[in-house]
Amino acid sequence: MNIIVVGCGKVGAVLTEQLSKEGNSVTVIDTNAARVEQLVNEHDVMGYIGSGVSYETQLEAGVEKADLLIAVTGSDELNLLCCLFAKKAGNCQTIARVRNPEYSEEVHYIKEELGLAMIINPELAAAAEIARVLRLPSAINVEVFAKGKVEILKFRLKPDSVLCNMAVQEITGKLHSDILVCVVERGDETYIPSGDFVLQEKDVISIAGEPQKTMEFFRKIHIKVNPVKDIMIVGGGRLSYYLSRILIGTGVEVKIVEKNLENCNLLCQKIPEATVIHGDGSDKELLLEEGLDQVDAFAALTGMDEENVFLSLYAKSKARMKTVTKINRISFDEVINNLDLDTVVYPKNITAEYIIRYARAMANSLGSNVETMYRLAGDRVEALSFIIRENAPMVNIPLMDLNLKEGILLVAIERNGRVIVPRGSDSMQVGDTVILVTTITGLQDISNILKKK
């Protein structure tokens, strides 16, 4: 596909890298010449220096032949204008990043009126992800598929866990649990485990199953399943605002520490149910005075990665609580993975996943397009769901007879509201939602899981 990315900031850079890796023809536009040059050199893409709302710049970038334009500049209004111009000039599909909370209530109206394919709000998407994790605080991550009927939970094995030294194939018999171990991260290695794979302490494990069955499994291995009742958030930005609104709506008590007085007043007006503290979140005495060691969860959501990391580590040193850490710079991945942090959230990665999922669906119209996509172990493993169409080549064929590529594990089949943990005698039917995990990144269609004859 021909894709234009307007804005070469953090999100634009991630999108450019991922979309070009997947074989798309990518062109970037930005007023910053250095950013454009860097992406052109690193990813073998085309680049134009100029404003994305310039009709001439869009024409030079090939908007008339583009399939998709993605506007991710730092300005919501500029992004919307870029998309409006692109629709008029090239009639391509358009995606805009819109972050301002003032637009959150009108997002569906804006999308319809401007004819946008998608409006993505990184902070709102990240807030929803954090809220899912706080429902089950012992999990590092919770990803949802098939409209909530299937979920993949990630957690770390503690030294005293009953799963230590247990083979994957023994779990069902010993624990009587209908879940599937789909990914294991051990140090720098990532595995889609076979039945004889033996789990070890400190492994980071992803399991798949129906929500009630994953909860039962956690209880059987003595992991806390109660949702958090209260949370302390440091940082009063957009992400904190969206997260607070979601949590308060579910009955969670929220306390926000923010050092900017103007932001404090704004939060008090928009979220009167929250307790807003005007103060420096890096002040240890202030945090303790406000009950840091008494809360169920702590979220470090300031604009500084380093401060967020240190705050979360400090919170964990004071009490057994769930910590959430926001990180913006992807280059810190390797260091952060070795720290004693719980859930780490990358808003730009979440944004990229939403957009790449849409781009893959556009690129393919065969048996079934990508419905949902998450990355479970950085960029090494993807979890995908597909809806099976009539012309899918594997319909009605027993799974044991399918010639699947290496590195693919079918996790679940959702059929008429019922979730099936797939066995060899099962088959995919038209209308099924099929969830799988794979080390083959870039799958666009369910047919891509089969080896070529």
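This is a short talk on one buried glutamate, the cavity beside which it sits in the lining, and a few salt bridges.

Hi everyone, and please keep in mind that this is a predicted model. Let's start with Glu353, which lies in helix H14, residues 347–363. Glu353 is buried, yet it has no salt bridge. Which side chain of opposite charge is nearest to it? That is Arg375, 4.6 Å away, and a salt bridge needs the nitrogen and oxygen within 4 Å, so this pair does not count. The side chain of Glu353 does reach the backbone nitrogen of Arg375, at 3.3 Å. Beyond its neighbours within four places in sequence, Glu353 also contacts Met373 and Tyr374, along with Arg375.

Now to the cavity. The structure holds one cavity of 30 Å³ or more, and its volume is about 30 Å³. Glu353 is among the lining residues, together with Ile350, Tyr354, Arg357, Met373 and Tyr374. Helix H14 gives the most to that lining, four residues, while strand S18 (370–375) supplies at least two.

On to charged pairs that do meet: the structure has 15 salt bridges. One of them joins Glu17 and Lys21 at 3.4 Å, both in helix H1 and four residues apart, about one turn of the helix. Lys21 counts as exposed because its relative accessibility is 57%, whereas Glu17, at 28%, is partly exposed.

My last example is Arg423 with Asp178, at 3.8 Å. This pair links distant parts of the chain, 245 residues apart, with each partner in a loop. Both belong to a network of salt bridges that also includes Glu210 and Lys213. Thanks for listening!

Key. Residues are numbered from 1 along each chain as its sequence is written. This is a predicted model: local features need pLDDT of at least 70, side-chain atom pairs count only at pLDDT 80 or more; totals for chains, interfaces and linings use all residues. Side-chain values use heavy atoms; hydrogens and water are left out. Buried means under 20% relative accessible area, exposed over 50%, partly exposed in between (1.4 Å probe, protein chains only). Lys and Arg count as positive and Asp and Glu as negative; His and the chain ends are not counted. A polar contact is a pair of N or O atoms within 3.5 Å; within protein, one must be able to donate a hydrogen and the other to accept it, and residues adjacent in sequence count only if both atoms are side-chain atoms. Contact means heavy atoms within 4.5 Å. On a 1 Å grid over the protein atoms alone, a cavity is a set of points where a 1.4 Å probe fits but cannot get out, and a pocket is an open set with protein on both sides within 12 Å along at least five of seven lines; lining residues have an atom within 4 Å of a point. Grid points are joined across faces, edges and corners, and a volume is the space filled by probe spheres set on the points.
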